[in-house]
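Hi there,

Here is the structure I promised to pass on to you. Have a look at it first, and then read on for what turned up in it.

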Amino acid sequence: QVQLVESGGGLVQAGDSLRLSCVGSGGTFSRYMIGWFRQTPGKEREFVGHIMWRGTVTHFADSMKGRFTISRDNAKNTVYLQMNSLRPDDTAVYYCAATDTGYTLAESQYDYQYWGQGTQVTVSH
């Protein structure tokens, strides 16, 4: 199995940018598809995006398209979520997750087996 740790969250102003990191250990990181999700208290986890073993990324939710990107560096066992033009409704705990099931359209939290602890992103007005 693989362990995941997110970092990079914080308190920012609307319009600011953040780069979140997801560092994996305990497994062959390059063989996992890595997804990003976010969750507001009392709500279901929302799919942000995912990245394939070779670096191809999926589409994002409409509110995130053109603002968020995902990249990975398998040599560093790290996946990044770059968030630009942040808005208050981006406030959430952001999680990275890993799956090795081979699904190519893994956009549900239930497609992923391994999860990090999350990192808080708060965007003020």
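Let me start with one pair: Phe68 stands opposite Met83 in β7. Strands here are DSSP runs of E with at least two residues, numbered from the N terminus. Please keep in mind that this is a predicted model, where local features need pLDDT of at least 70 and side-chain atom pairs count only at pLDDT 80 or more, while totals for chains, interfaces and linings use all residues. Residues are numbered from 1 along each chain as its sequence is written, and side-chain values use heavy atoms, with hydrogens and water left out.

**The sheet around β7**

β6 and β7 run antiparallel and are joined by six bridges; two strands count as paired if DSSP finds at least two bridges between them. Together they form a hairpin with four residues in between, and Asn77 in the turn has a positive phi of about 55°. β3 is also antiparallel to β7, again with six bridges, and Val23 has Thr78 as its bridge partner in β7. Five bridges then link β1 to β3, also antiparallel, with Glu6 partnered by Cys22 of β3.

Put together, these four strands make an open antiparallel sheet in the order β1-β3-β7-β6. Because β1 (3-7) and β6 each have a single partner strand, they stand at the edges, and one side of each is left without a neighbour in the sheet. On average, neighbouring strands of this sheet are turned by 15° against each other, direction ignored (axes are lines fitted to C-alpha atoms, and angles run from 0 to 180 degrees between N-to-C directions).

As for β7, five of its six residues are buried, so the strand is largely enclosed by the rest of the structure. Buried means under 20% relative accessible area with a 1.4 Å probe, protein chains only.

**The cores**

A nonpolar core is a set of buried Ala, Val, Leu, Ile, Met, Phe, Trp, Tyr and Cys residues joined through side-chain atoms within 4.5 Å. The largest one has 26 residues, of which Ile34, Trp36, Phe68, Leu81, Met83 and Tyr94 touch the most other members. Strands that each supply at least two of its residues include β3 (18-25), β6 (68-73) and β7 (78-83), but the largest share, four residues, comes from β8.

Leaving aside residues up to four places away in sequence, Phe68 touches several others, among them Arg38, Val48, Phe60, Leu81 and Tyr94; contact means heavy atoms within 4.5 Å. There is also a second, separate core of seven residues, including Met33, Phe47, Ala97 and Ala106.

Best wishes

Conventions. Buried < 20%, exposed > 50% of the residue type's maximum accessible area, 1.4 Å probe, protein only.
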